[in-house]
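Biologist: I would like to learn how to read a model of this kind, feature by feature. Please take the general idea before the case at hand.

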Amino acid sequence: MTGPGTDPALTGAGRPKPDRMETASQTIAGQNMAEPAHESSTEAGPTPAGRPPAVAIHGLRKTLITGFRRRRVEILRGVDLTVGDGEVFGLLGPNGAGKTTTLKVALGLMRPSAGSVSLGVDGAGEIGYLPENPYFYDYLTGRELLRFCARLFALPDDVREERVERALDQVGLADAGGKQLRKYSKGMLQRIGIAQALINDPRLVFLDEPMTGLDPVGRLEVKRIIEQLGADGRTVVFNSHILSDVAELCSRIGIMGGGVVLWQGKVSEATPSHGDGLEDFFMEIVLGSEAAGELSASSCSTREADS
Amino acid sequence: MNGTLAVAGNTFRETIRDRILLVVVLFALGMIVAGVWLASISLGQQGRLMEDFGLVAVSGFGVIVGVFVAAGLVHKEVDKRTVFVLFSKPLGRGQFIAGKFAGLAGTMSLVLAGMAVFLFLVAWLVSGAASGWLLVAGVLIYLQVLVVMAVTIMFSTFTSPILAAVLGICVFVAGQLSHNVLSLTRLGHSAVLDGLSWLVYLLVPNFSAVNLSAVVVGEQRPDWAAIAGWGGYLVAYLILMLAVATLVFRRKEF
């Protein structure tokens with residue numbers, strides 16, 4: 001893992017993108033590769049030719065052993081997913097589909113049972129992550145939390161202070177930065193969570209349910225932040241159940257169900273009528289796969305959009 | 001190193017804001033009451049009794065506070081899921097364990113220093129003189145508390161906080177009695193018993209190598225070489241415990 005970049009701008013417009021061919025990709029590989037990854041022709045959106053995708057997941061499986069009787073539970077059953085460099089990618093799916101587990105494996109919080117994850121960044125210093133329903137140290141103030149997170153990236157003192165103030169400003173918490181987190185509302189906690197995910201000026205951002213618990217104003221602010229990140233050329237991968245937000249923000253989406261990716265492709269392919277039909281499309285894919293028995297262990301497959 | 005220092009600073013702040021330093025105030029009140037009581041029953045030996053009793057109290061308070069806080073340090077981060085935020089950043093599991101330990105060690109240094117200084121003052125007030133060895137004993141008790149904290153953190157990486165705390169206290173008590181365990185081997189009744197005694201003696205930290213109370217009250221001359229050797233042994237033991245804790249914690253998934 002190498003340190004983060006030294007660009008002090010958090011989301012400076014027109015920020016030059018480093019040439020990723022010169023950086024080593026971060027790869028997490030499963031121990032058991034006996035089962036081959038599914039053949040996939042996943043084509044990411046705007047990744048320029050020759051550049052590796054921001055996220056490339058192949059044949060990812062995750063089995064947990066739970067309970068006294070050591071029951072094996074297959075959480076992921078062969079996930080194939082590709083996110084292009086600079087894309088805003090929405091990961092959809094019903095509860096228990098495996099979205100959060102996929103992100104956790106990609107981030108190294110869990111080990112894959114089989115398959116591989118390759119991230120087109122130079123280590124954790126270039127990754128930002130907002131967990132689902134985040135909890136932070138409630139004895140810290142918002143500003144102290146961001147300083148603590150910035151110290152984990154070994155940022156120099158002057159850069160650290162600038163980033164902290166920018167991040168607070170960006171999520172609309174500049175006035176509440178001196179308040180202890182135990183006094184924050186759920187929406188404020190969600191926003192400070194986004195601020196800590198951006199403190200290192202990341203090139204790849206994972207946001208797990210970033211809109212959860214936000215009021216309409218907070219939701220709008222988070223949407224603007226995601227839009228800005230996309231406009232700056234950063235790759236954003238986020239999970240959400242709010243399909244209208246996904247249709248509005250994402251260039252591509254993936255729909256998961258039963259531990260596999262059921263469909264991935266451009267939003268425009270899923271919603272020919274300008275995003276109005278994403279809900280119907282989502283239901284069609286999820287219910288259709290259940291009806292067809294695609295969620296059984298023997299027939300997990302990935303359906304691709306015609307591109 | 002940056003990550004370790006950041007986690008240590010955060011842990012120090014957490015424990016200070018949890019008002020752990022109130023323990024020193026409790027200790028001070030306890031010592032005042034004990035001082036008055038001992039003065040009434042000790043027939044001219046108040047100072048000596050005060051020092052002896054005070055060292056046991058410093059050690060007991062230090063171990064209980066250190067163990068119970070250490071037992072919850074790692075578990076709380078996992079339970080509250082703050083580890084998601086930490087380990088998605090460039091922070092290694094070893095750095096995390098070392099940082100948590102160092103932060104609590106910083107807080108406990110204040111707790112132990114406060115208690116040792118107060119004991120010195122009370123002993124001096126009660127008898128008109130106090131051994132400077134009290135403060136040296138305070139440092140050595142601090143080292144023992146650090147070892148018990150490291151053992152507790154190690155246990156807490158694979159058991160519940162309550163069980164880790166109980167095991168930590170058991171190890172402390174066993175460590176105080178380790179010379180007795182060794183003496184079992186000299187009886188020579190059974191090879192199996194001998195083997196088991198040696199195993200326990202090697203696994204449990206030896207807290208009885210130097211008799212601190214005897215040095216403080218002037219019954220024994222201090223042996224600097226033995227004290228330095230013992231200090232080195234305790235430091236090596238706690239590093240070993242933290243290494244084991246890291247190995248176990250590395251296998252954890254969140």
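Biologist: How many residues of chain B are in contact with chain A?

Modeller: First, this is a predicted model. As a general idea, the size of an interface is often given as the accessible area lost when the parts come together. Here the contact is given as residue counts: 18 residues of chain B are in contact with 23 residues of chain A. On the chain B side, H1 and helix H4 (82–87) each supply at least two residues. H1(B) gives the largest share, six residues. By class, that side has seven nonpolar, five polar and six charged residues.

Biologist: Which residues of H1(B) are buried, and what covers them?

Modeller: The count of C-beta atoms around a residue decides this, and 20 or more others within 10 Å make it buried. In H1(B) the buried residues are B:Gly3, B:Thr4, B:Ala6, B:Val7, B:Ala8, B:Asn10, B:Thr11, B:Glu14 and B:Thr15. Their cover includes helix H2 (142–152) of chain A, along with helix H3 (46–79) and helix H5 (93–127) of chain B.

Biologist: How does the span of H1(B) agree with its number of residues?

Modeller: The check uses a rise of 1.5 Å a residue. H1(B) covers residues 2–17, so its 16 residues should span 22 Å, and the end C-alpha atoms are 22 Å apart. For the 34 residues of H3(B) the expected span is 50 Å and the end C-alpha atoms are 48 Å apart, which agrees. H3(B) also bends by about 30 degrees at B:Leu73.

Biologist: What is the secondary structure of chain B as a whole?

Modeller: Chain B has 11 helices and zero strands. Its radius of gyration is 20 Å, close to the 18 Å that the globule rule gives for 254 residues, so chain B is as compact as a globular protein of that length. The C-alpha trace of chain B spans about 65 × 50 × 30 Å along its principal axes. Of the 254 residues, 42% count as buried. Among contacts in chain B between residues at least 6 apart in sequence, 80% join residues at least 24 apart.

Biologist: Where in the model is phi positive at a residue that is not a glycine?

Modeller: Most residues other than glycine have a negative phi. One of the exceptions is A:Asn133, with a positive phi of about 40 degrees. A:Asn133 lies in the loop between strand S6 (127–130) and H2 of chain A. Another is A:Ala154, where phi is positive at about 55 degrees; A:Ala154 sits in the loop between H2 and helix H3 (157–170) of chain A. In chain B, B:Arg19, just after H1(B), takes a positive phi of about 65 degrees. B:Arg81 follows H3(B) and has a positive phi near 65 degrees.

Biologist: Are A:Asn133 and A:Ala154 buried or exposed?

Modeller: Counts between the two cut-offs, 12 or fewer for exposed and 20 or more for buried, make a residue partly exposed. A:Asn133 is partly exposed because 13 other C-beta atoms lie within 10 Å. A:Ala154 has 17 C-beta neighbours inside 10 Å and so counts as partly exposed.

Biologist: Which residues are buried on each side of S6(A)?

Modeller: On one side A:Ile127 and A:Tyr129 are buried, and on the other A:Gly128 and A:Leu130 are, so both faces are covered by the cut-off of 20 or more. Four bridges join S6(A) to strand S7 (residues 204–208) of chain A, and the two run parallel. A:Tyr129 has A:Phe206 in S7(A) as its bridge partner.

Conventions. Residues are numbered from 1 along each chain as its sequence is written. Chains are lettered from A and ligands numbered from 1 in the order in which they are written. This is a predicted model: local features need pLDDT of at least 70, side-chain atom pairs count only at pLDDT 80 or more; totals for chains, interfaces and linings use all residues. The expected span of a helix is 1.5 Å times one less than its number of residues. Two residues are in contact if their C-beta atoms, placed from the backbone, lie within 7 Å. The bend at a residue is the angle between axes fitted to the seven residues ending there and the seven starting there. Ala, Val, Leu, Ile, Met, Phe, Trp, Tyr, Cys and Pro count as nonpolar, Asp, Glu, Lys and Arg as charged, and the others, Gly among them, as polar. The radius of gyration is taken over C-alpha atoms; the globule rule is 2.2 Å times the number of residues to the power 0.38. Two strands pair if DSSP finds at least two bridges between them.
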